[in-house]
Amino acid sequence: MNQEDRVGFFYQYFIACFQPSSYGKLLDGKRRLVPYLLFLVMVLVIIGHAIPLLAWDASVGGLKKLFTERIPEFRVEEGVLSCEKPMEFQIGNTIHFRVDAGVESFEQGDLSSDYVQEVLISQTSILVKNGMAVQSVALADLGDGVYDNQTLVNAIPLFRFSMVLYLLMAYVETAIEYLITSFFYLLIGKTIVRGADGKSVTWSQGFQIAIYARTLMAVFTSINLVLGQLIGETVMYMLSAGVSLYYMMKAERAVLGVDTGAGGRS
C-alpha cells in the first residue's frame with residue numbers, strides 16, 4: 001500500500017468525524033467500508049478495553065506481583081476455600097472480581113449490572129458472569145488438588161491467553177453492536193431528508209451513512225467510559241443520538257442535492 005492510499009484511508013475518518021456534508025465521497029464505490037469498520041472497531045476496543053487492561057496490569061505491578069504480594073494468602077483444598085481476608089478489585093469499568101471465604105455461596109442476586117464481566121469466588125463455588133451468560137462452578141469440581149497463590153503464578157501464561165481471548169471477544173461484540181446500532185439509526189434516519197423528487201437515499205447509502213455518522217460519538221463515548229463517565233450515561237446516550245442523527249441529516253441533504261449551498265462542508 002503506497003503513501004497516497006494510506007492517506008486516503010485515514011482521510012475517511014476525518015470526513016466521517018468532521019465533514020458529514022462530504023459523505024458522498026465515501027459512497028462512490030471506490031472506498032472500502034469493511035476495512036474502515038474493522039479499523040474503527042479496533043480503535044474502540046483499544047480505547048475501551050485494552051488501555052484499561054494494560055493500565056490495571058501496570059498499576060498492580062504485573063500478575064506475578066499481584067498473586068504473590070497483593071492477593072491475600074488463600075488455599076483451596078477438598079473443595080473449600082480458606083482466605084486470609086476478603087479481596088475485591090475491578091479492571092476498568094467492565095470487569096469485577098470479589099473473593100470472600102466468609103460467604104458460603106454467591107447467588108445471581110449478588111451480581112451487579114454495572115459490570116460486563118464478574119467473577120465472585122465464595123467458600124464453595126465460583127460464580128462467573130460474561131455479558132448475559134451466568135455460570136456457577138463448584139470448587140469441588142476443580143479436582144482433589146490443592147490450589148494456592150503459587151498455583152496462580154504457575155497459571156500466568158493461561159491468564160495472558162485469557163486476556164487476549166477477552167480482547168478478541170470484545171472485538172467481535174463491539175463490531176456486532178456497532179452494526180446493529182447503525183441499523184437502528186438507519187431505520188430512524190433514512191427518511192429524514194427527501195430530494196426534490198420525493199425520494200430518500202437508498203438503503204445501502206443510508207446504512208453506510210449511519211456507520212460513518214456514528215464514528216465521532218462512538219470514539220467519544222469510549223473515551224468517556226475510560227475516564228469514568230465524566231458525562232452521565234443518559235446524557236451521553238442523548239448526545240450521541242443527537243449528533244449522529246444530525247450528521248445523517250447533513251449527509252443525506254448533500255447526497256440528495258438538497259441545500260448544497262454550504263459548499264459541501266458541515
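**A tour from Arg-160**

Begin by selecting Arg-160, which is partly exposed, its relative accessible area being 33%. The model on the screen is a predicted one.

Next, add Asp-57 to the selection. The two residues form a salt bridge, and their closest N and O atoms are 3.1 Å apart. Asp-57 has a relative accessibility of 15%; it counts as buried because this value is under the 20% limit. Arg-160, at 33%, lies between the limits of 20% and 50% and is therefore partly exposed. Colour helices α2 and α5 to see what the contact joins: Asp-57 belongs to α2 and Arg-160 to α5, so the bridge ties together parts that are 103 residues apart in sequence.

Remain on helix α5, which covers residues 156–189, and select Val-172, a residue of this helix. Val-172 is partly exposed, with a relative accessible area of 47%. Now extend the selection to Ile-176, Ile-180, Phe-183, Phe-184, Leu-187, Ile-188 and Trp-203; together with Val-172 they make a nonpolar surface patch of about 820 Å². Helix α5 supplies the largest share of this patch, seven residues.

Turn now to the interior. How many cavities of 30 Å³ or more does a search of the whole structure find? The search finds one. The largest cavity holds about 80 Å³ of space. To display its lining, select Gly-48, His-49, Pro-52, Leu-53, Ile-91, Gly-92, Asn-93, Thr-94, Ile-95, Tyr-166, Leu-225 and Val-226. Two elements, α2 (33–59) and α7 (215–226), each give two or more residues to this lining. The largest share, four residues, comes from α2, the helix that also holds Asp-57. By class, the lining consists of seven nonpolar and five polar residues, with no charged ones.

Return to the salt bridges, of which the whole structure has four. Besides the pair already visited, select Arg-98 and Asp-100, whose closest N and O atoms are 3.8 Å apart. Arg-98 is partly exposed, at 27% relative accessible area, whereas Asp-100 is buried, at 14%.

For the final stop, select Glu-118 and Lys-129, whose side chains meet in a salt bridge at 3.7 Å, N to O. This pair links distant parts of the chain, eleven residues apart: Glu-118 lies in strand β5 (residues 117–121) and Lys-129 in strand β6 (residues 125–130). Are these two residues buried or exposed? Both Glu-118 and Lys-129 are buried.

Terms used: Residues are numbered from 1 along each chain as its sequence is written. This is a predicted model: local features need pLDDT of at least 70, side-chain atom pairs count only at pLDDT 80 or more; totals for chains, interfaces and linings use all residues. Side-chain values use heavy atoms; hydrogens and water are left out. Patches are made of residues with over 30% relative accessible area and no salt bridge: like charges are joined within 9 Å, nonpolar side chains (Val, Leu, Ile, Met, Phe, Trp, Tyr) within 5 Å. Accessible areas come from the Shrake-Rupley method with a 1.4 Å probe; for residues, only the protein chains shown count as cover. Buried means under 20% relative accessible area, exposed over 50%, partly exposed in between (1.4 Å probe, protein chains only). On a 1 Å grid over the protein atoms alone, a cavity is a set of points where a 1.4 Å probe fits but cannot get out, and a pocket is an open set with protein on both sides within 12 Å along at least five of seven lines; lining residues have an atom within 4 Å of a point. Grid points are joined across faces, edges and corners, and a volume is the space filled by probe spheres set on the points. Ala, Val, Leu, Ile, Met, Phe, Trp, Tyr, Cys and Pro count as nonpolar, Asp, Glu, Lys and Arg as charged, and the others, Gly among them, as polar.
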